[in-house]
Amino acid sequence: MALKVLTVDDSKTIRMIVKKAFQPFDCTLIEAENGVEGLAAATREKPGLIILDITMPVMNGVEMLDRLKADADLKDIPVIMLTAESGKDNVVNIVKKGVRDYMVKPFKGEDLIARVRKILPLAERAAEESPEAKPAKYFTQIDDIIVLTLPAKVTRPVTVEIEGSLQSKIKEMSEASLKKLILDMGGVTETNVSLIKLIISSIQQCQKSSIAVKLVATPKQGEELKGFQETSALSVTHSIEEAKTAF
Amino acid sequence: MTELDRLDLKGFVTNSVQRVFQTMLSMSLTPGEPPPRERIADGRHIVGTVGFAGAVMGNVNLFVSLEFAREMTSAMLGVPAEEVGGEEEVKDVVGEVCNMVGGDLKSRLCDAGFPCSLSIPTITFGEHFHIESKGWVRQERLGFQNSRHPALLEVYVKIST
């Protein structure tokens, strides 16, 4: 059964980032934008985990936490605080109330998942329902090199899909001792923010697993990448063959 | 010189802003001279504000152009600029960035012996408006620049009487 995760934050943006972080896993996300809604959702849904902000209108996170801990049905639900407040006394007081972890914003989705995994096992989505299982079409293998071929248009859903599938692919690569990946964006027709973020996150994911990455792009795309601060320093090859030689 | 005067607000907040933009938006900001407000407030612009109150009182105001705010939203949500929805998304992102910077400063003040609470962010949005805060003991104006846009952050603090 999918793990129910309740994210309570007055910022829709933060709830969206949390939701995206859990996307590769067998989880159902429930959202609430303040402590009152959060308590109601916790009572109704009995989530397996609560990610809780502090500074919120109507009812803040500390009051919600107090009420959770005072409720016999809800007090054992693990809570991770995710907040911009990091003052030592504040953290100590809240930790004493029985939260399982305390994470300070700014944060990365992957860091949140790492914290969650210390508390609960997270199962990846089953192959047939996994959004990242379908895009196996993006990956091919040439000798000992995996090639990730990006589609013509990289939109946000595509980015989420590929990031999830890359995570699984990296695991497979590690098990098979494959340490080289070519990221081929030659067929992409539009250089946009989603593409830039996907390139950066893919390279970072690979680097974490000690996988060497070569980027294949057309000369025009190479010039466009220089226009973005995040990708301006990346070195680019212009063909798969050139990338293979560059390893 | 009071304990409040001894705090390196400028260094702390500069570091905080850079960290928030880098972590949440994958965007590098370079600190520099604070831009004249007119440079940002010339057209449609947006100001995120968080306040803190307790042993110290203060405000953090983040001024960005609407164009930069939309770029920030695109980066934080991971969507192309053309897919950024209406004003609500943009306001939410600027408010959340402000909340993180203000929360960091509030925590630093608490650790320095000035316990205080943080307000939820407010957003002022439009054109031809000015925001001024007066009567503060300490005021810092910090300028930042990404590859295309300036940003201005103002911090005001005073000890509560």
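Start by selecting A:Lys46: with 12 other C-beta atoms within 10 Å, this residue is exposed. You are looking at a predicted model, so please read each stop on this tour as a feature of that model.

**Stop 1: around A:Lys46**

Keep A:Lys46 highlighted and show the backbone on either side. The residue sits in the loop between H2 and S3 of chain A. Its phi is near 45°, which is a positive value in a residue other than glycine. For context, most residues other than glycine have a negative phi.

**Stop 2: helix H2 of chain A**

Step back from A:Lys46 to the helix that it follows, H2(A), and select residues 35–45 of chain A. Which residues of this helix are buried? They are A:Gly35, A:Gly38, A:Leu39 and A:Ala42. Now turn the view to look down the axis of H2(A): the buried residues fall within an arc of 100°, so they line one face of the helix. On the face turned away from that buried side you will find the exposed residues A:Ala40 and A:Arg44.

What do the buried residues of H2(A) pack against? Add strand S1 (3–8), strand S2 (27–32), strand S3 (49–52) and helix H3 (61–69) of chain A to your selection, and you have their partners.

**Stop 3: A:Met16**

Next, pick A:Met16, in helix H1 (residues 12–22) of chain A. Buried or exposed? A:Met16 has 20 C-beta neighbours inside 10 Å, so it counts as buried. Draw a distance from its C-alpha to that of A:Leu29: the two residues are 13 apart in sequence and 10.0 Å apart in space.

**Stop 4: a cis peptide bond**

Move along chain A to the loop between strand S5 (101–104) and helix H5 (109–119), where A:Pro106 is found. The peptide bond joining A:Lys105 and A:Pro106 is cis, with omega about 5°. In general, most peptide bonds are trans.

**Stop 5: chain A as a whole**

Zoom out and show all of chain A. It has nine helices and ten strands, and its C-alpha atoms fill a box of roughly 65 × 35 × 30 Å along the principal axes. Of its 247 residues, 38% count as buried. Try colouring by domain: the assignment gives domain 1 (3–119) and domain 2 (134–246). The C-alpha centres of these two domains of chain A lie 33 Å apart. Among contacts in chain A between residues at least 6 apart in sequence, 67% join residues at least 24 apart.

**Stop 6: where the chains touch**

Bring chain B into view. How many residues does each chain bring to the contact? Chain B brings 30 and chain A brings 31. On the side of chain B that touches chain A, the elements giving two or more residues are helix H2 (9–25), H4 and H5 of chain B. H5(B) gives the most, with eleven residues. That side of chain B divides into 13 nonpolar, ten polar and seven charged residues.

**Stop 7: two helices of chain B**

Isolate H4 (residues 66–77) and H5 (residues 87–111) of chain B, whose axes come within 9 Å and cross at roughly 80°. H4(B) and H5(B) are therefore roughly perpendicular to each other. Residues to show from H4(B) include B:Met72 and B:Met76, and those that H4(B) meets in H5(B) include B:Val93 and B:Val97. The residues of this contact divide into eight nonpolar, one polar and two charged.

**Last stop: B:Ser26**

Finish at B:Ser26, in the loop between H2 and strand S1 (30–32) of chain B. This residue has a positive phi of about 50° although it is not a glycine. With 19 other C-beta atoms within 10 Å, B:Ser26 is partly exposed.

Definitions and conventions: Residues numbered from 1 in each chain as written. Chains lettered and ligands numbered in written order. Predicted model: local features only at pLDDT ≥ 70, side-chain atom pairs only at ≥ 80, totals over all residues. Axes fitted to C-alpha atoms, helices over the stretch in contact; angles between N-to-C directions. Helix = DSSP H or I, 4+ residues; strand = E, 2+ residues; numbered from the N terminus. Parallel < 35°, antiparallel > 145°, perpendicular 65-115°, else oblique. Contact = placed C-beta atoms within 7 Å. Nonpolar A, V, L, I, M, F, W, Y, C, P; charged D, E, K, R; others polar. Arc of directions from axis to C-beta. Domains from an automatic or database assignment.
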